[in-house]
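Let's take a walk through this protein together, from the overall layout to a few individual side chains. Keep the sequence and the model open as you read.

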Amino acid sequence: MSTLIEKLLAAGWCYESNRPSHSHEKAEIYKDWEIITYPELALHYLPTGEYFIGSTNPTLGLKVSQAKIGVIKALIDSSD
């Protein structure tokens, strides 16, 4: 799993020990990860509770967010 975390950090994701919850949060669970797409693009690694924040700009647009989510899922799949 450390390789995935290294790849996330190299891609510009920031490690956070926690993040505030939002009442209108949109998220999906993918394997052991929660992918949060609103109001920021973030990852939550469920077994350890670690958060990785990729963007605090919610106006990226749906296509950009979907492309980034595809990259994240590919990284998760490649680390299995």
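**A guided tour of the fold**

Of the contacts in the protein with a separation of 6 or more, 49% are between residues 24 or more positions apart. Please keep in mind that this is a predicted model. The mean pLDDT is 83, and 85% of the residues reach 70 or more. Among the elements, strand S2 has the highest mean pLDDT, at 93, and helix H1 (residues 2-10) the lowest, at 82. As a general caution, where pLDDT is low, the predicted coordinates should not be read in detail.

Now for the layout. The secondary structure comes to two helices and five strands, and from the N terminus on the order is α-β-β-β-β-β-α. The protein has 80 residues, and buried ones make up 32% of them. Its accessible surface comes to about 4900 Å², with 54% of that belonging to carbon and sulfur atoms.

Let's go inside next. In soluble globular proteins, nonpolar side chains tend to be buried together. Here the largest nonpolar core has 14 residues, and those with the most contacts inside it are Leu4, Leu8, Trp13, Trp33, Leu43, Phe52 and Ile72. H1, S3, S4 and H2 each supply at least two residues of this core, and H2 gives the most, with four. If you would like one residue to centre your view on, try leucine 43. Leaving out residues up to four places away in sequence, leucine 43 touches Leu8, Trp13, Trp33, Glu34, Ile35, Glu50, Tyr51, Phe52 and Ile72.

Histidine 44 is a good next stop, in strand S4. Is histidine 44 buried or exposed? Its relative accessible area is 12%, so histidine 44 counts as buried, the cut-off being under 20%. With residues up to four places away in sequence again left out, histidine 44 touches Asp32, Trp33, Glu34, Ile36, Gly49, Glu50 and Tyr51.

From here we can turn to the charged side chains. Side chains of opposite charge can pair when their charged atoms come close. The protein has four salt bridges by the rule used here, and two of them can be followed from arginine 19. Arginine 19 meets glutamate 25 in a salt bridge at 2.9 Å, N to O, and arginine 19 also meets glutamate 40 in one, at 2.2 Å, N to O. The pair of arginine 19 and glutamate 40 links distant parts of the chain: arginine 19 is in the loop between strand S1 (14-16) and S2, glutamate 40 is in the loop between S3 and S4, and 21 residues separate them. Taken together, Arg19, Glu25 and Glu40 are linked in a network of salt bridges.

How covered are the members of this network? Arginine 19 is buried, with a relative accessible area of 12%. Glutamate 40 counts as buried too, at 12% relative accessibility. Glutamate 25 is partly exposed, with a relative accessible area of 29%.

Another salt bridge joins glutamate 28 and lysine 73, whose closest N and O atoms are 3.0 Å apart. This pair also links distant parts of the chain, with glutamate 28 in strand S2 and lysine 73 in helix H2, 45 residues apart. Glutamate 28 counts as partly exposed, at 31% relative accessibility, and lysine 73 counts as partly exposed at 22%.

Stay with lysine 73 for a moment. Helix H2, where lysine 73 lies, covers residues 62-78. Which residues are in contact with lysine 73, leaving aside its neighbours within four places in sequence? They are Glu28, Tyr30 and Ile35. For tyrosine 30, 43 residues away along the chain, the C-alpha atom is separated from that of lysine 73 by 7.6 Å.

We can finish with two backbone details in the loops. Lysine 31 lies in the loop between strand S2 (26-30) and S3. Its phi is near 55°, a positive value in a residue other than glycine, and lysine 31 counts as partly exposed at 43% relative accessibility. Proline 39 sits in the loop between strand S3 (33-38) and strand S4 (41-45). The peptide bond leading from tyrosine 38 to proline 39 is cis, with omega near 5°.

Terms used: Residues are numbered from 1 along each chain as its sequence is written. Side-chain values use heavy atoms; hydrogens and water are left out. Buried means under 20% relative accessible area, exposed over 50%, partly exposed in between (1.4 Å probe, protein chains only). pLDDT is the predictor's confidence in each residue, from 0 to 100. Contact means heavy atoms within 4.5 Å. A nonpolar core is a set of buried Ala, Val, Leu, Ile, Met, Phe, Trp, Tyr and Cys residues joined through side-chain atoms within 4.5 Å. A salt bridge is a side-chain nitrogen of Lys or Arg within 4 Å of a carboxyl oxygen of Asp or Glu. Accessible areas come from the Shrake-Rupley method with a 1.4 Å probe; for residues, only the protein chains shown count as cover.
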